[in-house]
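Thanks, everyone. I have one structure to go through today, and I will keep to what can be computed from it.

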Amino acid sequence: MSMQCSISECKMKSIQTVNIGFKEKRNLCERHYKLFNNKDEKYKPIFIKAIKFK
């Protein structure tokens, strides 16, 4: 029997169980598992050159 992702809005099949806290575990699908693994990663802002309007 396949388990469903623990995120309430998600209906995908879970691929991994992770420890969230001391006692809490969650089953996460591939998308949410990637987000969980990258939660501490810092992203640089992307700046785009402004266009002058006449």
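Let me start at one histidine. His32 sits in helix 1, which covers residues 30–37. This is a predicted model, so keep that in mind throughout.

Is His32 buried or exposed? His32 is buried, because its relative accessible area is 15% and the cut-off for burial is under 20%. If we set aside neighbours within four places in sequence, His32 has contacts with Cys5, Ile7 and Cys10.

Now the chain as a whole. There are 2 strands and 1 helix, and their order along the sequence is β-β-α. The chain has 54 residues, of which 15% are buried. About 5,700 Å² is exposed, and 56% of that comes from carbon and sulfur atoms. As for contacts between residues at least 6 apart in sequence, 8% of them link residues at least 24 apart.

On confidence: the mean pLDDT of the chain is 82, with 83% of the residues at 70 or above, that is, scoring at least 70. Of the elements, strand 2, residues 25–28, has the highest mean, 91, and helix 1 the lowest, 88.

Next, the core. Which residues form the largest nonpolar core? There are 5 of them: Cys5, Cys10, Val18, Leu28 and Cys29. As a general remark, nonpolar side chains in soluble globular proteins tend to be buried together.

Leu28 belongs to that core. Again leaving out neighbours within four places in sequence, Leu28 is in contact with Cys5, Ile7, Ser14, Ile15, Gln16, Val18, Tyr33 and Phe36. Cys5 and Ile7 are also on the contact list of His32.

That leaves the cysteines. How many disulfides are there? With a cut-off of 2.5 Å between cysteine sulfur atoms, the count is 0. Cys5 is in no disulfide, and its nearest cysteine sulfur belongs to Cys29, at 3.9 Å. Cys5 is buried, since its relative accessible area is 6%.

Why is Cys10 not bonded to Cys29? The closest cysteine sulfur to that of Cys10 is in Cys29, but the distance is 3.7 Å, so it is too far for a bond. Cys10 also counts as buried, because its relative accessibility is 9%.

To put the pieces together: Cys5 and Cys10 are both in contact with His32, both belong to the largest nonpolar core, and each has the sulfur of Cys29 as its nearest cysteine sulfur. That is where I will stop.

Methods: Residues numbered from 1 in each chain as written. Predicted model: local features only at pLDDT ≥ 70, side-chain atom pairs only at ≥ 80, totals over all residues. Heavy atoms only, no water. Helix = DSSP H or I, 4+ residues; strand = E, 2+ residues; numbered from the N terminus. Buried < 20%, exposed > 50% of the residue type's maximum accessible area, 1.4 Å probe, protein only. Contact = heavy atoms within 4.5 Å. Areas by Shrake-Rupley, 256 points an atom, 1.4 Å probe, with all protein chains shown as cover. Core = buried A, V, L, I, M, F, W, Y, C linked by side-chain atoms within 4.5 Å. pLDDT = per-residue confidence, 0-100.
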